[in-house]
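Please open the model in a viewer and keep the sequence panel beside it. The tour below proceeds by selections, each followed by a description of what is found there.

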Amino acid sequence: MELLYDDNYFMRQALIEAQKAFEADEVPVGAVIAIDNKIIARAHNLTERLNDVTAHAEMQAITSAANFLNGKYLNGCTLYVTLEPCVMCMGAIYWAQLSRIVYAAADQKRGYRQARIAPHPKATVSGGVMESASADLLHQFFESKRK
């Protein structure tokens with residue numbers, strides 16, 4: 001029996017957010033935060049629109065989820081994001097105490113793993129979920145910028 005709400009389902013939702021970023025000429029990264037199989041936050045990059053280098057999808061999603069839960073800690077929540085979090089975002093993820101982080105594409109240049117930063121000790125991290133779909137969208141975006 002196939003699970004309706006698996007990692008692929010939630011990552012598809014994050015990819016919808018990434019597509020919104022792409023269409024707004026933002027780096028196409030999307031994120032959703034779920035708890036008990038319910039999405040409580042959706043976000044995508046807004047750095048260009050807000051003229052704010054901290055307006056990454058993860059940061060927007062964390063703020064939204066914290067507001068939804070009326071608290072700063074996101075214990076029991078899972079973040080689904082289409083690109084490996086950067087150092088800044090992993091710091092926020094750590095402090096928000098998300099229980100699980102699932103990302104699609106690895107970021108070989110700016111991902112948190114390049115800086116050897118560890119997630120919160122109680123958190124688990126999974127990478128590569130729908131990696132090619134995310135990587136393809138990012139590649140398409142940056143190719144259009146090189147023309």
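Begin with the largest pocket of this predicted model, which has a volume of about 750 Å³. Its lining comprises 24 residues, and those closest to the centre are V27, L83, D107, R110 and F142. Select these five residues to place the view at the centre of the pocket.

Next, colour the lining by residue class. The lining residues divide into 11 nonpolar, 5 polar and 8 charged. Which helix gives the largest share of this lining? Select α5, which contributes 6 residues. Helix α5 spans residues 131–146, and α2, residues 47–50, is another element that supplies at least two residues of the lining.

Remain at the pocket and select D107, one of the residues closest to its centre. D107 is located in the loop between β4 and β5. Is this residue buried or exposed, and which side chain of opposite charge is nearest? D107 is buried but forms no salt bridge, as the nearest oppositely charged side chain, that of R110, is 5.7 Å away. Now display the backbone of the neighbouring stretch of this loop. The side chain of D107 reaches the backbone nitrogen of R110 at 2.9 Å. A polar atom of the D107 side chain also lies 3.1 Å from the backbone nitrogen of K109. R110 thus appears twice in relation to D107: its side chain is 5.7 Å away, whereas its backbone nitrogen is reached at 2.9 Å.

The next selections concern charged pairs. Side chains of opposite charge can pair when their charged atoms come close. In this model the count comes to 5 salt bridges, and three of them are visited here, including the pair D7 and R100.

Select D7 and R100 together; their closest N and O atoms are 2.6 Å apart. D7 belongs to helix α1 (residues 7–23) and R100 to strand β4 (residues 100–105), so this salt bridge ties together parts that are 93 residues apart in sequence. D7 is partly exposed, at 21% relative accessibility, and R100 is likewise partly exposed, at 23%.

Move next to E84 and R113, whose side chains meet in a salt bridge at 3.0 Å, N to O. This pair also links distant parts of the chain, with the two positions 29 residues apart in numbering: E84 is in the loop between β3 (78–83) and α4 (87–96), and R113 is in the loop between β4 and β5. E84 is buried, with a relative accessible area of 2%. Its partner R113 is partly exposed, with a relative accessible area of 36%.

Return to helix α1 and select E17 and K20, which lie 3 residues apart, about one turn of the helix. These two residues form a salt bridge, with the closest N and O atoms 3.0 Å apart. Which member of the pair is buried, and which is partly exposed? E17 is buried, with a relative accessible area of 3%, whereas K20 counts as partly exposed at 40% relative accessibility.

Keep K20 selected for the final stop and add A43. How far apart are K20 and A43 in sequence and in space? They are separated by 23 residues in sequence and by 9.2 Å from C-alpha to C-alpha.

Technical notes. Residues are numbered from 1 along each chain as its sequence is written. This is a predicted model: local features need pLDDT of at least 70, side-chain atom pairs count only at pLDDT 80 or more; totals for chains, interfaces and linings use all residues. Side-chain values use heavy atoms; hydrogens and water are left out. On a 1 Å grid over the protein atoms alone, a cavity is a set of points where a 1.4 Å probe fits but cannot get out, and a pocket is an open set with protein on both sides within 12 Å along at least five of seven lines; lining residues have an atom within 4 Å of a point. Grid points are joined across faces, edges and corners, and a volume is the space filled by probe spheres set on the points. Helices (H or I, at least four residues) and strands (E, at least two) are DSSP runs, numbered from the N terminus. Ala, Val, Leu, Ile, Met, Phe, Trp, Tyr, Cys and Pro count as nonpolar, Asp, Glu, Lys and Arg as charged, and the others, Gly among them, as polar. A salt bridge is a side-chain nitrogen of Lys or Arg within 4 Å of a carboxyl oxygen of Asp or Glu. Buried means under 20% relative accessible area, exposed over 50%, partly exposed in between (1.4 Å probe, protein chains only). Lys and Arg count as positive and Asp and Glu as negative; His and the chain ends are not counted. A polar contact is a pair of N or O atoms within 3.5 Å; within protein, one must be able to donate a hydrogen and the other to accept it, and residues adjacent in sequence count only if both atoms are side-chain atoms.
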